[in-house]
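Please examine the sequence and the three-dimensional structure shown below. The paragraphs that follow begin with a single residue and then widen the view to the whole chain.

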Amino acid sequence: MKMMPLALALPALALAACQQQPANEAAADNGAMMGGNDMMMAGNNASAMAPAAPAAAPTDAAGYIAQAGAGDLFEIESSKVALEKSQTKAVRDFAQMMIDQHQKSTADVKAAAQKAGLTVPPPKLMPNQQQMLDEIKAADAASIDSVYLRHQRTAHEAALALHQGYARDGDTPALKQTAGAIAPVVQEHIDHLASMPSA
């Protein structure tokens with residue numbers, strides 16, 4: 001009689017072991033074996049998980065400096081493109097404000113880092129930022145405003161999480177203070193975006 005529960009447990013254990021395969025294999029298996037809604041859900045879960053890695057705000061100074069620099073660089077470069085292509089005054093005014101204010105936040109982070117005795121490497125775009133910038137560059141006159149504003153919204157949501165997270169949990173007081181000062185400015189940009197045409 002004691003063998004019976006064990007016999008029943010073995011298939012359950014085997015099933016559990018199968019379900020603990022690496023995420024990439026599971027995604028491949030799901031894509032191959034599932035159909036209909038299940039397949040769509042597996043795809044959605046995989047795509048939802050992909051950007052989750054950089055979503056957590058870094059608590060180390062080097063990580064914060066790198067992400068803050070990348071965010072400002074994206075804002076500046078994408079806004080330069082918008083200034084060249086957009087014919088909409090509100091969009092052009094917003095783009096100019098982004099260039100001015102993100103150059104200032106870059107300078108503020110750099111000053112705080114130097115105060116803490118840290119070296120600030122030249123900023124470099126993250127892959128998703130490069131992709132968004134490429135899409136803005138590729139947009140024609142008819143779509144530039146909507147593409148630019150959509151990507152601005154995405155970038156600013158990420159920037160807000162970055163600065164708020166570091167201000168709360170960061171490891172370097174001077175940078176935490178700067179992050180705390182930048183976060184409300186980013187929130188103002190998000191609020192401004194909400195009122196923009198084509199946004």
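Which residues does His189 touch, not counting residues up to four places away in sequence? In this predicted model, the residues in question are Phe94, Met97, Met98, Gln101, His102 and His156. With one of them there is also a polar contact, since the side chains of His189 and Gln101 are joined at 2.4 Å. His189 itself is part of helix α9, which covers residues 173–194. Its relative accessibility is 3%, and because buried means under 20%, His189 counts as buried.

The helix that carries this residue deserves attention next. Helix α9 consists of 22 residues and spans 32 Å from its first C-alpha to its last, which is close to the 32 Å expected at 1.5 Å a residue. Which residues of α9 are buried? They are Ala174, Leu175, Thr178, Ala179, Ile182, Ala183, Val186, His189, Ile190 and Leu193. A general property of helices is useful when reading such a list. An α-helix has 3.6 residues a turn, so residues three or four places apart point the same way. The cover over the buried residues of α9 includes α5, α6 and α8, the last of these being residues 144–169.

The salt bridges come next. How many salt bridges does the model contain? The count comes to five, and three of these can be followed here individually. In helix α5, which comprises residues 61–85, Glu77 and Lys80 lie three residues apart, about one turn of the helix. Their side chains meet in a salt bridge with an N to O distance of 3.6 Å. Glu77 is partly exposed, because its relative accessibility is 29%. Lys80 is likewise classed as partly exposed, with a relative accessible area of 37%.

A second salt bridge is found in helix α6, residues 89–115, where Lys104 and Asp108 lie four residues apart, again about one turn of the helix. The side chains of Lys104 and Asp108 meet at 2.8 Å, N to O. Asp108 has a relative accessible area of 28%, so this residue is partly exposed. Another salt bridge links Asp169 with Arg168, and here the closest N and O atoms are 3.1 Å apart. Is Arg168 buried or exposed? Arg168 is exposed, because its relative accessible area is 56% and the limit for that class is over 50%. Asp169, at 41% relative accessibility, counts as partly exposed.

The view may now be widened to the whole chain. The secondary structure of the protein chain comes to nine helices and zero strands. The chain has 199 residues, of which 33% count as buried. Its accessible surface comes to about 11800 Å², and 61% of that surface belongs to carbon and sulfur atoms. Among the contacts with a separation of 6 or more, 73% are between residues 24 or more positions apart.

Finally, the reader should consider the confidence of the prediction. The mean pLDDT of the protein chain is 80, and 71% of its residues reach 70 or more. Where does pLDDT stay under 50? This applies over residues 1–54, for which the model has eight contacts beyond four places in sequence.

How values were computed: Residues are numbered from 1 along each chain as its sequence is written. Side-chain values use heavy atoms; hydrogens and water are left out. Helices (H or I, at least four residues) and strands (E, at least two) are DSSP runs, numbered from the N terminus. Buried means under 20% relative accessible area, exposed over 50%, partly exposed in between (1.4 Å probe, protein chains only). A polar contact is a pair of N or O atoms within 3.5 Å; within protein, one must be able to donate a hydrogen and the other to accept it, and residues adjacent in sequence count only if both atoms are side-chain atoms. Contact means heavy atoms within 4.5 Å. pLDDT is the predictor's confidence in each residue, from 0 to 100. Accessible areas come from the Shrake-Rupley method with a 1.4 Å probe; for residues, only the protein chains shown count as cover. A salt bridge is a side-chain nitrogen of Lys or Arg within 4 Å of a carboxyl oxygen of Asp or Glu. The expected span of a helix is 1.5 Å times one less than its number of residues.
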